[in-house]
Amino acid sequence: MLNCRTDGYFPPPRHELLDRLEAGDRALREAMQQNLRRFGRGAVLVKAAEEHRAIYRLQSGTAARVRILEDDRRQIIAIFLPGDLLAIKSMLLDRQPDSIECLSACTVEVLSYTDAIALAAGNSDVAFRLMWQLAEDERRLHKQVVILGRGNAVERISAMLMDLSGRLAKLGFSDAERRTIAIRQQDIADYIGLTIMHVNRTLRTLRKQGTIATQFGNISVIDPETIGRYAAPMLDIFEREAVEFGGSV
């Protein structure tokens, strides 16, 4: 079971904050690790518009922040991987604007919002760790706005693959493990704003080029250099300097 590691922080934080982020992470882990819950794919951790009273650390699996429109169209706003803290806004808001659901089987650590508030109030390292997660969520969201606003289909899919692969690399996954992304085509479509037919057509094009392989809900990146080149216009300034995300050092 992989937990958040020192080199798992991306982008690299200010050097004087790294020890404090790690200390805050340890304190949160100690407070949360005795309360584990497991959920199957499709389970809803947080329901939009309803009161929610807990925060989570994703220990294993993949989860997503999701908004369902009145006509049942679905938009995945963010994808979470192990080590991410989820539902931090429940510390601030009695109701949540979006749902959080499991894209795969998930194991999460749980802490009540009242305990999280008390812990942050008494431990500034914990407060910094929570702040870091909110800042990282915002960075990812800004990138996603650029992708949805300016990316073509190949760029959108390539940027998604490089983002998830790069984040898995920072968590310590091997090259082989991080280059096989478990995600359904419907979830891809809902994340990058395309129809499932358009996603299928684009994946078929990439597969014919020999850059990816697809099988049973998995996408394997066969040619990371080419996928990285397709994703390059969508990278932010930090990813351009990180080889794990398709950038160069």
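**Exercise 1.** Find which residue stands opposite A213 in β11, then place that pair in its sheet.

*Solution.* Step one: A213 faces S220 in β11. A quick note before moving on: this is a predicted model, where local features need pLDDT of at least 70, side-chain atom pairs count only at pLDDT 80 or more, and totals for chains, interfaces and linings use all residues. Residues are numbered from 1 along each chain as its sequence is written, and side-chain values use heavy atoms, leaving out hydrogens and water.

Step two: β10 and β11 (residues 218-221) pair in the antiparallel sense over 4 bridges; pairing takes at least two DSSP bridges between two strands. Strands here are DSSP runs of E, at least two residues, and helices are runs of H or I, at least four, numbered from the N terminus.

Step three: the open sheet has 3 strands in the order β9-β11-β10, with antiparallel pairing. β9 (180-182) and β10 (212-215) sit at the edges with a single partner strand each, so one side of each has no neighbour in the sheet.

**Exercise 2.** Work out how α4 and α7 cross, and which residues make the contact.

*Solution.* Start with the axes: those of α4 (residues 153-170) and α7 come within 10 Å and cross at roughly 80°. Axes are lines fitted to C-alpha atoms, for helices over the stretch in contact, with angles from 0 to 180 degrees between N-to-C directions. That makes α4 roughly perpendicular to α7 (65 to 115 degrees).

Next, the contact (heavy atoms within 4.5 Å): α4 brings A153, V154 and I157, while α7 brings H198, V199, T202, L203 and L206.

Terms used: Angles under 35 degrees count as roughly parallel, over 145 as roughly antiparallel, 65 to 115 as roughly perpendicular and the rest as oblique.
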